[in-house]
Amino acid sequence: MAKWVIKRGGKRAPFQAAKVKGAIKSACKDVHLPAKRMKTVVNVVSRAVLRFAAKRKVAVRTSDLRKISLSQLGKMEPKAAKAWRKYDVQRKARRARNRRRRR
């Protein structure tokens with residue numbers, strides 16, 4: 001199992017399965033999935049992501065975890081995957097605005 005995740009900027013952080021599950025759960029909440037369905041989706045998608053991470057000995061990239069999460073989520077709940085992508089676009093725009101302000 002990967003012990004570390006490599007973030008976008010190259011920084012390393014300890015791998016935390018709870019964060020994977022939390023991201024999936026947030027996407028499901030955004031589309032108002034019923035609790036029972038949400039639990040099923042979180043379990044199935046996170047299991048696939050954790051299987052991928054288990055194949056890595058030392059580290060895994062967050063971008064790879066995201067790709068697998070969105071791929072699996074798109075198969076089970078396309079609206080939740082769309083909500084996650086929308087969130088990513090909004091976050092990217094916020095970061096760009098903040099960088100412009102700091103200049």
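Ser 63 is partly exposed, with a relative accessibility of 37%. That value falls between the 20% limit for buried and the 50% limit for exposed, so Ser 63 belongs to neither class. The residue sits in helix α3. Its C-alpha atom is 7.4 Å from that of Arg 8, although 55 residues separate the two along the chain. All of this is read from a predicted model.

**Overall build**

The protein contains 4 helices and 3 strands. In sequence order they run β-β-α-α-β-α-α. The C-alpha trace spans about 45 × 35 × 20 Å along its principal axes. Of the 103 residues in the protein, 31% are buried. Consider the contacts between residues at least 6 apart in sequence: 57% of them join residues at least 24 apart.

A UniProt record, an unreviewed entry, lists residues 3–95 as "domain: ATP-cone". In the model, that span is 72% helix and 10% strand. The C-alpha atoms at its two ends lie 28 Å apart.

**Surface and charge**

The protein exposes about 7,400 Å². Carbon and sulfur atoms supply 53% of that area. Side chains with a positive charge number 35, against 4 negative ones. The centres of the two sets are 6 Å apart.

**The nonpolar core**

Which residues touch the most other members of the largest nonpolar core? They are Phe 15, Ile 24, Cys 28, Val 41, Val 60, Leu 65 and Leu 73, out of 25 residues in that core. Helices α1 (17–30), α2 (35–54), α3 (62–76) and α4 (78–102) each supply at least two residues of this core. Helix α2 gives the most, with 8 residues.

Val 41 deserves a closer look. Neighbours within four places in sequence are set aside here. Val 41 is then in contact with Ile 24, Cys 28, Leu 33, Ser 46, Leu 73, Met 76 and Glu 77. Two of these names, Ile 24 and Cys 28, also appear among the core residues with the most partners, as does Leu 73.

**Residues along helix α4**

Helix α4 holds Lys 79, Tyr 87 and Asn 98. Is Lys 79 buried or exposed? Lys 79 counts as exposed because its relative accessibility is 64%, and the cut-off for exposed is over 50%. Tyr 87 is partly exposed at 38%. Asn 98 is also partly exposed, at 34%. Both of these values fall in the range from 20% to 50%, so neither residue counts as buried or exposed.

The table pairs residues that are far apart in sequence with their C-alpha separations.

| Pair | Apart along the chain | C-alpha separation |
|---|---|---|
| Ser 63 and Arg 8 | 55 residues | 7.4 Å |
| Tyr 87 and Ala 27 | 60 residues | 8.7 Å |
| Lys 79 and Ala 13 | 66 residues | 30 Å |
| Asn 98 and Lys 19 | 79 residues | 25 Å |

Take the helix α4 entries in turn. Tyr 87 and Ala 27 are 60 residues apart along the chain, with 8.7 Å between their C-alpha atoms. Lys 79 is 30 Å from Ala 13, C-alpha to C-alpha. Asn 98 is separated from Lys 19 by 25 Å.

**A backbone detail at His 32**

Where does His 32 sit? His 32 is in the loop between α1 and α2. Its phi is near 55 degrees, a positive value in a residue other than glycine. Most residues other than glycine have a negative phi. His 32 also counts as exposed, because its relative accessibility is 70% and the cut-off is over 50%.

Terms used:
Residues numbered from 1 in each chain as written. Predicted model: local features only at pLDDT ≥ 70, side-chain atom pairs only at ≥ 80, totals over all residues. Heavy atoms only, no water. Buried < 20%, exposed > 50% of the residue type's maximum accessible area, 1.4 Å probe, protein only. Contact = heavy atoms within 4.5 Å. Areas by Shrake-Rupley, 256 points an atom, 1.4 Å probe, with all protein chains shown as cover. Lys, Arg positive; Asp, Glu negative; His and termini not counted. Charge placed at Lys NZ, Arg CZ, Asp CG, Glu CD. UniProt positions renumbered as here; feature names shortened; annotations may be inferred. Core = buried A, V, L, I, M, F, W, Y, C linked by side-chain atoms within 4.5 Å.
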